[in-house]
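Some notes on this model follow, set out point by point. Please read them with the structure open.

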Amino acid sequence: MSKIGKNIKSLREKLGISQDRLSKLADISSNTVAKLELNDSPNPTIETLQKIAKALNVKVDDLLG
């Protein structure tokens, strides 16, 4: 799992939300969230990272570690 994927999963779990809920909050597919967390999509776009960060109420830098 990539550092980004680990960080997304950790932050998501701290908030107690599912991958599906995060995908809805970030307006991205649940498949994208799953792939990021499993490192199947190691190079997310800045737009995707911004959406996830906003949904998790963190900065993009927090996702990047």
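1. Helix H4 and its partners. The model is a predicted one. In it, the buried residues of H4 pack against four helices: H1 (3-15), H2 (19-26), H3 (30-38) and H5 (60-64). H4 itself covers residues 46-56, and its buried residues are Thr48, Leu49, Ile52, Ala53, Ala55 and Leu56. These lie on the same side of H4, because the arc they cover around the axis is only 165 degrees. An α-helix has 3.6 residues a turn, so residues three or four places apart point the same way.

2. The other face of H4. Which exposed residues sit on the face of H4 turned away from its buried side? They are Ile46, Glu47 and Lys54. Lys54 has a relative accessible area of 72%, and it counts as exposed because the cut-off is over 50%. Between the C-alpha atoms of Lys54 and Leu25 there are 8.6 Å in space, with the two residues 29 apart in sequence.

3. The nonpolar core. The largest nonpolar core has 14 residues. Those with the most contacts inside this core are Ile8, Leu22, Ala26, Ile28, Ile52, Leu56 and Leu63. At least two of the core residues come from each of H1, H2, H3 and H4. The helix that gives the most is H4, with 5 residues.

4. Leu63. Residues up to four places away in sequence are not counted here. On that basis Leu63 touches Lys3, Ile4, Asn7, Ile8 and Leu11, and also Leu49, Ile52, Ala53, Leu56 and Val58. Of these, Leu49, Ile52, Ala53 and Leu56 are among the buried residues of H4. Leu63 is also one of the residues with the most contacts inside the largest nonpolar core.

5. Asn7. This residue is in helix H1. Is Asn7 buried or exposed? Its relative accessibility is 19%, and it counts as buried because the cut-off is under 20%. Leaving aside neighbours within four places in sequence, Asn7 is in contact with Asp62, Leu63, Leu64 and Gly65.

6. H2 against H3. Two packed helices are described by the angle between their axes and the distance between the axes. For H2 and H3 the angle is about 115 degrees and the axes are 8 Å apart. The crossing of H2 past H3 is right-handed. On the H2 side the contact is made by Gln19, Asp20, Leu22 and Ser23, and on the H3 side by Ser30, Val33, Ala34 and Glu37. By class, this contact has 3 nonpolar, 3 polar and 2 charged residues.

7. The buried side of H2. Leu22, Ser23 and Ala26 are the buried residues of H2. They line one face of the helix, because they fall within an arc of 100 degrees when seen down the axis of H2. Their packing partners are H1, H3 and H4. Leu22 and Ala26 also appear among the residues with the most contacts inside the largest nonpolar core.

8. The buried side of H3. Here the buried residues are Val33, Ala34, Leu36 and Glu37. They are on the same side of H3, because they cover an arc of only 165 degrees around the axis. The helices they pack against are H1, H2 and H4. Val33, Ala34 and Glu37 also take part in the contact with H2.

9. Positive phi after the helices. Most residues other than glycine have a negative phi, and most peptide bonds are trans. What is the phi of Asp27, just after H2? It is positive, about 60 degrees, although Asp27 is not a glycine. Asp27 lies in the loop between H2 and H3 and is exposed, with a relative accessible area of 61%. Asn39 follows H3 and has a positive phi, near 65 degrees. Asn57 comes just after H4, again with a positive phi of about 60 degrees, and is not a glycine. Asn57 is in the loop between H4 and H5, exposed at a relative accessible area of 72%.

How values were computed:
Residues are numbered from 1 along each chain as its sequence is written. This is a predicted model: local features need pLDDT of at least 70, side-chain atom pairs count only at pLDDT 80 or more; totals for chains, interfaces and linings use all residues. Side-chain values use heavy atoms; hydrogens and water are left out. Buried means under 20% relative accessible area, exposed over 50%, partly exposed in between (1.4 Å probe, protein chains only). The arc is that of the directions from the helix axis to the C-beta atoms. Contact means heavy atoms within 4.5 Å. A nonpolar core is a set of buried Ala, Val, Leu, Ile, Met, Phe, Trp, Tyr and Cys residues joined through side-chain atoms within 4.5 Å. Axes are lines fitted to C-alpha atoms, for helices over the stretch in contact, and angles run from 0 to 180 degrees between N-to-C directions. A crossing is left-handed if the near helix is turned anticlockwise from the far one by less than a right angle, and right-handed if clockwise. Ala, Val, Leu, Ile, Met, Phe, Trp, Tyr, Cys and Pro count as nonpolar, Asp, Glu, Lys and Arg as charged, and the others, Gly among them, as polar.
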